[in-house]
Amino acid sequence: MTSNQLGSKNAKKLMKYKILIVDDQPINVQLLKRKLEREGIRVTAAYNGLEALDAVKKSPPDLILLDVWLPGLDGLATLSRLRERQVDAQVVLISGHGNIETAVQATKLGAFDFIEKPFSIDALLSVVGRALEQRSRLEFEGGRQLAARRDLEDALAVLEDIAA
């Protein structure tokens, strides 16, 4: 097994991504942070929902790993507020006490995936990889649409000049 489970050839690509880990258990945050940083990903942390909302406002991440059971504002309420604020980061909810209802609610709120604890690091890295790939695809498509819109605007401006 390589030192980089997401693939060493992807290490440079991964460096552009930022993940926010939100969990009230410092040991969980540190373990995940260390593993993801070894994969070349920039990682920040928050220990409750309000800290997460503040962190996202200051420096929007590409992916949020969000524990469901948090003090104060829980993970589902945090996800709901993120969507109300039109935060476009991918969100993966993590729970040690998950059930079908929670997973369905998370999906309805726009979560990319839902993982139950305990999970293997390989399973988590797989979900992280898929979420970042989806994020990259969405950014690419958004960029293509923006470029197409600019080309159309340029063409319309030329046509307006000709017509004038």
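## Two neighbouring helices

In this predicted model, helices H3 and H4 run roughly parallel to each other, because their axes cross at roughly 25° and angles under 35 degrees count as roughly parallel. The two axes come within 9 Å. The crossing of H3 past H4 is right-handed.

Particular residues make up the meeting between these helices. On the H3 side they are Gly49, Leu50, Ala52, Leu53 and Val56. On the H4 side they are Thr78, Arg81 and Leu82.

## The chain as a whole

H3 and H4 belong to a protein chain with six helices and five strands. Helices and strands follow one another along the sequence in the pattern α-β-α-β-α-β-α-β-α-β-α.

The chain has 164 residues, and 36% of them are buried. Its accessible surface comes to about 9800 Å². Carbon and sulfur atoms account for 55% of that surface. Among contacts between residues at least 6 apart in sequence, 66% join residues at least 24 apart.

## The nonpolar cores

Which residues have the most contacts inside the largest nonpolar core? They are Leu20, Val22, Ile64, Leu66, Leu82, Val91 and Leu93, in a core of 22 residues. Several elements each supply at least two residues of this core: strands S1 (18-22), S3 (63-67) and S4 (90-95), along with helices H3 (49-58), H4 (75-84) and H5 (100-108). A second, separate core has 19 residues, including Tyr17, Ile19, Leu32 and Leu125.

Ile64, in the largest core, shows how distant parts of the sequence are brought into contact. Setting aside neighbours within four places in sequence, Ile64 is in contact with Leu20, Val22, Val56, Leu82, Ala89, Gln90, Val91 and Val92. Of these partners, Val56 and Leu82 also take part in the meeting of H3 and H4.

## A buried residue in H2

Is Val29 buried or exposed? Val29 is buried, because its relative accessible area is 0% and buried means under 20%. Val29 is placed in helix H2, which covers residues 26-38.

Not counting residues up to four places away in sequence, Val29 touches Ile21, Asp23, Ala45 and Tyr47. Val29 and Val43 are 14 residues apart in sequence, and their C-alpha atoms are 9.9 Å apart in space.

## Exposed loop residues

Gly72 lies in the loop between S3 and H4. Gly72 counts as exposed because its relative accessibility is 82% and exposed means over 50%. Gly72 and Gly49 are 23 residues apart in sequence, but 7.2 Å apart in space from C-alpha to C-alpha. Gly49 is one of the H3 residues that meet H4.

Gln86 is in the loop between H4 and S4. With a relative accessibility of 71%, Gln86 also counts as exposed.

## Two backbone details

Most residues other than glycine have a negative phi, and most peptide bonds are trans. Gln86 is not a glycine, yet it has a positive phi of about 60°.

The peptide bond from Lys117 to Pro118 is cis, and its omega is near -5°. Pro118 is placed in the loop between strand S5 (113-116) and helix H6 (121-163).

Note on methods
Residues numbered from 1 in each chain as written. Predicted model: local features only at pLDDT ≥ 70, side-chain atom pairs only at ≥ 80, totals over all residues. Heavy atoms only, no water. Helix = DSSP H or I, 4+ residues; strand = E, 2+ residues; numbered from the N terminus. Buried < 20%, exposed > 50% of the residue type's maximum accessible area, 1.4 Å probe, protein only. Contact = heavy atoms within 4.5 Å. Areas by Shrake-Rupley, 256 points an atom, 1.4 Å probe, with all protein chains shown as cover. Core = buried A, V, L, I, M, F, W, Y, C linked by side-chain atoms within 4.5 Å. Axes fitted to C-alpha atoms, helices over the stretch in contact; angles between N-to-C directions. Parallel < 35°, antiparallel > 145°, perpendicular 65-115°, else oblique. Left-handed = near helix turned anticlockwise from the far one by under 90°.
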